[in-house]
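Work through the exercises below with the model open. Try each task before reading its solution.

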Amino acid sequence: VSYEGLGLAAGHCGFTIGRVQEKNNGIIKCSLGIHSDATESVGTMTLVVAKAPRVPELQIRPGSDSPRMYKVDERLDASCVVRDGRPAANISWFLDDDPISDISLSMPTIKGFAKEDLLTKIQNFSKTLRASDNGRYLRCVAYHPAYPTGSEETKVLLDITFPPQESTDQLDKFGYQIGKEGLINVTFMANPKPQIQWQIGAEIIKEGESDSSGRIIAESVQSLGRGQYLANMRIAGINKRDTEKEYILTAYNNQGSETYKIRISTSPEPEGVDWAETGTIVGAVVAVLIIILLVSILIFAKTTGRWCFSGK
């Protein structure tokens, strides 16, 4: 520790610490007086020597069926605890790389350990789980200047069980060619992995099997990751009768089942309709018609001398 300043005659009472140590943390006092007066003036300040907190702890309430497995619509309650930092760490929450909004988070609380001036920060998070949350990481990230990289994190993989969901695919399939192989596929969400079967008329085709003619094969369901699955059925040499049938896929697991009804066509896929643009056009047409109606009424009133045109 060395003196810093322009001298005591200038009223400067300062010092420089060449190498900050843990023992320098705390209150620093400066006492300054003159020979002719026994009274001294005392100034104080607090020097904070940063100390890295521990790695964040992510505490999660167990699921209703098992500690690390949850159901759709079940409430997830979690706490992130970052212990013994100086100063207190900052906390951020993420689902994968998506920041979690403050509406799902409590106000953080800070607890102090007076002996070493260490602080622990705690923040809670609550969320109603959805199927789309399955397979994502809930991450608690702590930021602190004393961390070697500036931050540390702890994460938990969300395992959420749910029955097969409605498919976002277009279930009317187009563009098949007579005499050529046709592929019918349906993508859907489920967890755990589902089993599937196809029904064509009265015939049931199990996963991995073919129909009685050997032309139609139901392939094994494929995992696309994060609870998304693909079901394929191949038809060898499509004929006209194939385009007149309804193909029913049923997917099921221990949470429930879902049915998907598919029809195929040799026609090209119709062009999509932009409903937003259509709504704008319809609105404009209606507005023009209203204006024409109002103008017609005014002309009629003036011609016949009615209403506001009845006087001079």
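**Exercise 1. The hairpin of β8 and β9**

Task: In this predicted model, find which residue takes a positive phi in the hairpin of β8 and β9, and state how the two strands pair.

Solution:
- Start with the connection: 2 residues lie between the strands of this hairpin.
- Check the backbone there. D96 has a positive phi near 55°.
- Now look at the pairing. β8 and β9 are antiparallel, with 2 bridges.
- Locate a facing pair: L95 is opposite D98 of β9.

**Exercise 2. The sheet around β8**

Task: Give the strand order of the open sheet of 4 strands, and identify which strands stand at its edges.

Solution:
- Trace the order: β9-β8-β12-β13, with antiparallel pairing.
- Look for strands with a single partner. These are β9 (98-99) and β13 (151-157), so each has one side without a neighbour in the sheet.
- Go to the contact between β8 and β12. The two strands run antiparallel and are joined by 6 bridges.
- Fix the register with facing pairs. W93 is opposite C140 in β12, and I91 is opposite A142 in β12.

**Exercise 3. The nonpolar cores**

Task: Which members of the largest nonpolar core touch the most other members, and which strand gives the most to this core?

Solution:
- The largest nonpolar core has 24 residues. I60, L76, W93, F125 and L138 touch the most other members.
- Assign residues to strands. At least two each come from β5 (57-60), β7 (75-85), β8 (90-95) and β12 (137-143).
- Rank the strands: β7 gives the most, with 4 residues.
- Then find the second core, which is separate and holds 23 residues, including Y176, I196, I205 and Y260.
- Link back to Exercise 2: W93 belongs to the largest core and also faces C140.

**Exercise 4. A sheet with mixed pairing**

Task: Work out the order of the open sheet of 5 strands, and say whether β15 and β23 run parallel or antiparallel.

Solution:
- The order is β15-β23-β22-β17-β18, and the pairing is mixed.
- Find the edges: β15 (172-173) and β18 (203-206) each pair on one side only.
- Inspect β15 against β23 (residues 256-264). They run parallel, joined by 2 bridges.
- One facing pair here is D172 and R263 of β23.

**Exercise 5. Unusual backbone in the loops**

Task: Where do P87 and P192 lie, and where do D73 and R226 lie?

Solution:
- Take the prolines. R86 and P87 are joined by a cis peptide bond, with omega about -5°. P87 sits in the loop between β7 and β8.
- N191 to P192 is also a cis peptide bond, with omega near 10°. P192 is in the loop between β16 (182-189) and β17 (195-200).
- Next, positive phi. D73 has a phi near 75° and lies in the loop between β6 (70-71) and β7.
- Apply the cut-off: exposed means over 50% relative accessible area. D73 has 61%, so D73 is exposed.
- R226 has a positive phi of about 55°, in the loop between β20 (222-225) and β21 (228-235). At 43%, R226 is partly exposed.

**Exercise 6. The helix and its patch**

Task: Which residues make the nonpolar surface patch of about 770 Å², and what does UniProt place at residues 281-301?

Solution:
- The patch is made by V282, V286, I290, L293, L294, I297, F300 and W307.
- Take V286 as a test case. V286 lies in helix α1 (residues 275-304) and is partly exposed at 42% relative accessible area.
- Turn to the record. An unreviewed UniProt entry places a "transmembrane region" at residues 281-301.
- Compare with the model: this span is 100% helix and 0% strand, with its end C-alpha atoms 31 Å apart.

Methods: Residues numbered from 1 in each chain as written. Predicted model: local features only at pLDDT ≥ 70, side-chain atom pairs only at ≥ 80, totals over all residues. Heavy atoms only, no water. Core = buried A, V, L, I, M, F, W, Y, C linked by side-chain atoms within 4.5 Å. Buried < 20%, exposed > 50% of the residue type's maximum accessible area, 1.4 Å probe, protein only. Pairing = 2+ DSSP bridges. Patch = residues over 30% accessible without salt bridge, like charges linked within 9 Å, V, L, I, M, F, W, Y side chains within 5 Å. Areas by Shrake-Rupley, 256 points an atom, 1.4 Å probe, with all protein chains shown as cover. Salt bridge = Lys/Arg side-chain N within 4 Å of Asp/Glu carboxyl O. UniProt positions renumbered as here; feature names shortened; annotations may be inferred.
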